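Okay, thanks for coming, everyone. I'll put the structure up and walk you through the parts I'd like us to look at together.

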Amino acid sequence: ADIGVLKQLTEHTMILENTCDEDFRKFIAWITASVKSQSKSVSDVPTDNAYLAKIDETVLSLIKDVRDLRQADPDYVILTGRCQRTRLPYLMKYERNIQVVKLQDFAMDVTQYMLSGCYPVGDEYFEWSDSASTQLKVNTNELMGTPGCPNCGNISAFGMCQCGGIMCLNEPGKAVCPWCEKEVVFMAGKTGEEGFDVNRARG
Ligand SMILES: [Zn+2]
Ligand SMILES: [Zn+2]
């Protein structure tokens, strides 16, 4: 959700840290306590302010600064593309996978992201999403797997225009970017070549 918009509606914008049973139980108890205190106060003193019960900070945290939420989720990479033919958006989701690389003298952890799915979405995706998060980048060398386009069936959902927009494509050659409307010429990348940076979405 776009926390910036929620913050315009109320200063009481919160985030549930974990979603285990115990935390969820505490969360419900907290809502109940808040509703109770609100019911009492409305009859006593007419006011526009909501009275919230004291927050259990092990479960909930009050969002004080929207910028706190601008980091990427380290466990997932989510990329937003647009179909070249239908122009509809889609999301590509990659999940983190740590591989231990052992060389003769040392071992090190290498983070890679494995493709876990590619999903068609509607244009309302952009209304519900925080656009500021597109400052986040990931290098294609860290991503494993390329999905096909879930909207039109093109072989690759992973072509990138100079404007930074991701689009689907079937083969190298000319195409019109559904993001910037300019004509682009695609060439296949070579194996072993350096990757390029792509913009991450928050999903
Ligand atoms: Zn497509
Ligand atoms: Zn473009």
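So, to start: is C152 buried, partly exposed or exposed? Keep in mind that this is a predicted model. The answer is partly exposed, because the relative accessible area of C152 is 22%, and the buried label needs a value under 20%.

Now, what is C152 doing in the picture? Its SG is one of the atoms coordinating the zinc ion, ligand 1, along with the SG atoms of C83, C149 and C168, at 2.3 Å. The angles among those 4 donor atoms run from 104 to 113 degrees, and the site comes out as tetrahedral. For reference, the ideal angle for four tetrahedral donors is 109.5 degrees.

If you like motifs, the donor spacing along the sequence reads C-x65-C-x2-C-x15-C. Take C83 and C152 as a pair: they are 69 residues apart and link distant parts of the chain. C83 sits in the loop between β3 and β4, while C152 sits in the loop between β7, residues 143-144, and β8.

How about accessibility for the other donors? C83 counts as buried because its relative accessibility is 0%. C149 is buried too, with a relative accessible area of 6%. Away from that list of donors, C163 is partly exposed at 41%. And for anyone wondering about disulfides, the count here is 0.

Next, the packing. The largest nonpolar core has 16 residues, and the ones touching the most other members are L79, Y90, M92, Y94 and L143. Five elements give two or more residues each: β3 (76-82), β4 (89-102), β5 (107-120), β8 (156-160) and β9 (166-169). Of these, β4 brings the largest share, with 3 residues. There's also a second, separate core of 7 residues, and C161, L169, C177 and F186 are among them.

Last stop, V176. Where is it? V176 lies in strand β10, which covers residues 173-176. V176 counts as partly exposed, because its relative accessibility is 40%. Which residues does V176 contact, leaving aside neighbours within four places in sequence? Those are Q84, M167, E181, K182 and E183. There's a long-range pairing to look at here as well: V176 and R85 are 91 residues apart in sequence, yet their C-alpha atoms are 9.4 Å apart in space.

That's my tour, so let's open it up for discussion.

Conventions
Residues numbered from 1 in each chain as written. Chains lettered and ligands numbered in written order. Predicted model: local features only at pLDDT ≥ 70, side-chain atom pairs only at ≥ 80, totals over all residues. Heavy atoms only, no water. Helix = DSSP H or I, 4+ residues; strand = E, 2+ residues; numbered from the N terminus. Buried < 20%, exposed > 50% of the residue type's maximum accessible area, 1.4 Å probe, protein only. Contact = heavy atoms within 4.5 Å. Core = buried A, V, L, I, M, F, W, Y, C linked by side-chain atoms within 4.5 Å. Donors = N, O, S within 2.8 Å, 3.2 Å for Na, K, Ca; no water. Tetrahedral: all angles 85-135°; square planar, octahedral: opposite > 155°, others 65-115°. Disulfide = S-S within 2.5 Å.
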